[in-house]
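I opened these notes to record what I looked up on the surface of this protein. The entries follow the order in which I consulted the model.

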Amino acid sequence: MLTGKGSQTFSKDETTMSILDSISDLSPSSIAIRRSIRIFARGFFRVINNVVATMIAQREYQANLAILRSLT
């Protein structure tokens with residue numbers, strides 16, 4: 001238990017309830033906005049991931065060509 005100035009005490013149950021109360025106050029529009037931001041972020045990171053994978057594949061291809069050229 002944490003005690004502050006005065007006689008207020010905070011227990012784990014009170015903090016959990018206040019967190020649950022604040023979650024239930026979300027309006028449907030804010031949930032829709034969060035969902036659209038999440039979808040946009042997933043797409044953005046997927047594009048970044050594909051760009052990095054393409055760069056790695058290109059480097060691998062160039063390394064394989066260099067090795068094959070050195071063998072002939």
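I first looked up the nonpolar surface in this predicted model. I found a nonpolar patch on the surface formed by F40, F44, F45, I48, V52 and I56. Together these residues hold about 640 Å² of accessible area.

I then took F44 as one member of that patch. I located F44 in helix α2. Its relative accessible area is 45%, so I entered F44 as partly exposed.

Next I turned to charge. I noted a patch of positive charge on the surface, where R34, R35, R38, R42 and R46 gather. I placed R42 in helix α2, which spans residues 28-71. I entered R42 as exposed because its relative accessible area is 51%, and the cut-off for that class is over 50%.

I also looked up the overall layout. I counted 2 helices and 2 strands in the secondary structure. Along the sequence I read the pattern β-β-α-α.

For the whole protein I recorded an accessible surface of about 7,000 Å². Carbon and sulfur atoms account for 64% of that surface. How much of the protein is made up of buried residues? I recorded 0% of the 72 residues as buried.

Last, I checked the confidence of the prediction. The mean pLDDT of the protein is 81, and I noted that 64% of its residues reach 70 or more. Among the elements, I found the highest mean pLDDT, 95, in α2. I found the lowest, 55, in strand β1, at residues 2-3.

Terms used: Residues are numbered from 1 along each chain as its sequence is written. This is a predicted model: local features need pLDDT of at least 70, side-chain atom pairs count only at pLDDT 80 or more; totals for chains, interfaces and linings use all residues. Side-chain values use heavy atoms; hydrogens and water are left out. Patches are made of residues with over 30% relative accessible area and no salt bridge: like charges are joined within 9 Å, nonpolar side chains (Val, Leu, Ile, Met, Phe, Trp, Tyr) within 5 Å. Accessible areas come from the Shrake-Rupley method with a 1.4 Å probe; for residues, only the protein chains shown count as cover. A salt bridge is a side-chain nitrogen of Lys or Arg within 4 Å of a carboxyl oxygen of Asp or Glu. Lys and Arg count as positive and Asp and Glu as negative; His and the chain ends are not counted. The place of a charge is taken as NZ of Lys, CZ of Arg, CG of Asp or CD of Glu. Helices (H or I, at least four residues) and strands (E, at least two) are DSSP runs, numbered from the N terminus. Buried means under 20% relative accessible area, exposed over 50%, partly exposed in between (1.4 Å probe, protein chains only). pLDDT is the predictor's confidence in each residue, from 0 to 100.
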